[in-house]
Amino acid sequence: MASRKKNYFQTMIESFDKIKKVEGELTLPGDKSISHRALMISAMAEGKSVIFNISNGEDVKSTGKCLSKLGVEITDTDDKVIVKGVGFKKFAAPTGELFAGNSGTTVRLLSGILSAQNFQSVITGDNSLSQRPMKRIIEPLKQMGGDISSNDFKLPLIIKPSINFKPINYKLPVASAQVKSAILFAGLHCEDETKVIETIPSRNHTEKMLNLKTENTEAGKIIYVSKTDYPQPSDFFVPSDISTSAYFIVLSLLTPNSSLLIKNVSLNESRLGFINHLRKMCAKIDFENVNKNTIEPYGDLIVKSSKLKNVPVSKKEIPNLIDEIPILSVAGLFAEGEFNLNNASELRYKESDRIKAVVYNLRRLNIDVEEKPDGFIFDDNLKVNTADFESFGDHRIAMSFTVLSMLMKDGGRVEGFNCVRISNPDFMEQIQKVGE
Ligand code: S3P
């Protein structure tokens, strides 16, 4: 079992010893992106939907709480969540604010739905979320007739009833599944067709789960949506989160004599960028028991210790592995050759400025890291045996540098580790289960 040292201040700082071996089998929580969408789609559909293996992270709980305030009945049982959806424009006006916590997906996707309702709603969030850009959804939703005011394009959002909600043709200026999904959810409320044009592919869960018509053209992928696509109740199985698996994948790859089986992981093609890239870096990752006959494909991953070499990430790959870049940079530290990241300025607008957070933490190792507006570059070996890292309140930074701590000779410490609860409250127990 992986040893864990005593905390300094309650759970403010967690300390980790070097891990000797990773072995065994893990089942991880349901994918966060799919879980948010399963809840929102079920909430819109009139009648009973059932969601299996939903994420137990705080972000998805935030979506559930907002939907409950909008009159949706959600029952959480041991193995499933039952949602009694309201039907077309039948959400109830909320009493009080809708608090989205730390979750960008909750705010942005819900705004698409709320812009088309006949009541006013106010969406707020925690400090991190209150600093994140909302112009990217406000602009297209306003073009559709949405009446949204904000604090200089940041939270809180005040969404008033729209007088004339109408479809748009919209070419996404940024590769963002949240923006795309906000417009698609809004488009479900228009008689005529909305067209969203995407030039660089981003995760495609919304169009798949709503079974929308899509077309690949020279101008990019066009997604069509109208009221005829409004969802009916259904059952969803949420495969395990590939972004959560990423930390265990890297830990297993970089720990000698290790072999880990991760069950039922989402293998959606728009989320496979990380695994595909690691394979280019010579990572030994195999798939087993793949089930492609579902809306969201999944399968088991078998990961074995590997000797990695760094390979550049192309501009097109970035949206496909955007959430995995912090842990990819940890892998890059142990891989042969230079790690050079470009075209990733979107990282600055996540739960923290992830370029700044990664650069800060890598510099704790006394290595030379150059920060660029859209990435960073380093080509150096570990010069220290232990280090103190900061999470910046960002779950993906906390988990990435926990993994790094467990790879260092004398271990390491992560300040603000608790934020892992945003996507994976049981991260520590899972590490203890498979780490020796
Ligand atoms: C998400 C999309 C991505 C991703 C986020 C979840 C989603 O954000 O980083 O963690 O569920 O749609 P962007 O749409 O801002 O790229």
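Okay, let's start with one residue: E269 comes out at 46% relative accessibility, so this glutamate counts as partly exposed. Before I go further, please keep in mind that this is a predicted model.

So who does E269 pair with? Its partner is K208, in a salt bridge whose closest N and O atoms are 3.5 Å apart. E269 sits in the loop between strand 15 (259-266) and helix 9 (273-280), while K208 is in helix 7, so the bridge ties together parts that are 61 residues apart in sequence. K208 has a relative accessibility of 24%, which makes this lysine partly exposed as well. There's another long-range neighbour here: the C-alpha atoms of K208 and I295 are 6.5 Å apart in space, with their positions 87 residues apart in sequence.

Stay with helix 7 for a moment, residues 205-209, because E207 is there too. E207 makes a salt bridge with K221, and the closest N and O atoms of that pair are 2.9 Å apart. K221 belongs to strand 13 (residues 220-225), 14 residues away from E207 in the chain. Are E207 and K221 buried or exposed? Both of them are buried.

Now the general idea behind these pairs, for anyone who wants it: side chains of opposite charge can pair when their charged atoms come close. How many salt bridges are there in this model? The count comes to 23.

One that I'd like you to find on the screen is E58 with R421, a salt bridge at 3.7 Å, N to O. These two are 363 residues apart: E58 is in helix 2 (residues 58-69), and R421 is in the loop between strand 22 (412-415) and helix 14 (427-434). E58 is partly exposed at 37% relative accessibility, and R421 is partly exposed too, at 38%.

Then there's a group rather than a pair. R132, R203, D323, E351, R354 and D394 are linked together in a network of salt bridges.

Next, a glutamate with polar contacts: E198, in strand 11 (residues 194-198). The relative accessible area of E198 is 3%, so this residue is buried. What do we find around its side chain? There's a polar contact of 3.0 Å to the side chain of K180, and another, of 2.7 Å, to the side chain of S202.

Okay, on to the pocket. The largest one has a volume of about 650 Å³. It is lined by 41 residues, and the closest to its centre are A175, S176, I322, E346 and K350. Which elements give two or more residues to that lining? They are helix 1 (32-44), helix 3 (104-114), helix 6 (177-187), helix 10 (318-321) and helix 13 (395-407). By class, the lining splits into 17 charged, 13 polar and 11 nonpolar residues. Both domains take part: domain 1 (13-29 + 239-434) and domain 2 (32-227) each supply at least three lining residues.

Helix 3 deserves a second look, since we've just met it in the pocket lining. How many of its residues are buried? The tally is 11 of 11, so on the 20% cut-off for buried, helix 3 is mostly covered. Among them are G104, R108 and S111, along with L109, L110 and L114.

Last bit: some backbone details you may want to click on. L155 and P156 are joined by a cis peptide bond, with omega at about 0 degrees. P156 is in strand 9 (residues 154-160).

Then we have two residues other than glycine with positive phi. For N53, phi is near 60 degrees. N53 sits in the loop between strand 3 (47-52) and helix 2, and with 27% relative accessible area N53 is partly exposed. For K89, phi is near 55 degrees. K89 is also in a loop, this one between strand 5 (80-85) and strand 6 (98-99), and at 29% relative accessible area K89 counts as partly exposed.

That's my tour. Any questions, shout.

Methods: Residues are numbered from 1 along each chain as its sequence is written. This is a predicted model: local features need pLDDT of at least 70, side-chain atom pairs count only at pLDDT 80 or more; totals for chains, interfaces and linings use all residues. Side-chain values use heavy atoms; hydrogens and water are left out. On a 1 Å grid over the protein atoms alone, a cavity is a set of points where a 1.4 Å probe fits but cannot get out, and a pocket is an open set with protein on both sides within 12 Å along at least five of seven lines; lining residues have an atom within 4 Å of a point. Grid points are joined across faces, edges and corners, and a volume is the space filled by probe spheres set on the points. Helices (H or I, at least four residues) and strands (E, at least two) are DSSP runs, numbered from the N terminus. Ala, Val, Leu, Ile, Met, Phe, Trp, Tyr, Cys and Pro count as nonpolar, Asp, Glu, Lys and Arg as charged, and the others, Gly among them, as polar. Domain bounds come from an automatic or database domain assignment. A salt bridge is a side-chain nitrogen of Lys or Arg within 4 Å of a carboxyl oxygen of Asp or Glu. Buried means under 20% relative accessible area, exposed over 50%, partly exposed in between (1.4 Å probe, protein chains only). A polar contact is a pair of N or O atoms within 3.5 Å; within protein, one must be able to donate a hydrogen and the other to accept it, and residues adjacent in sequence count only if both atoms are side-chain atoms.
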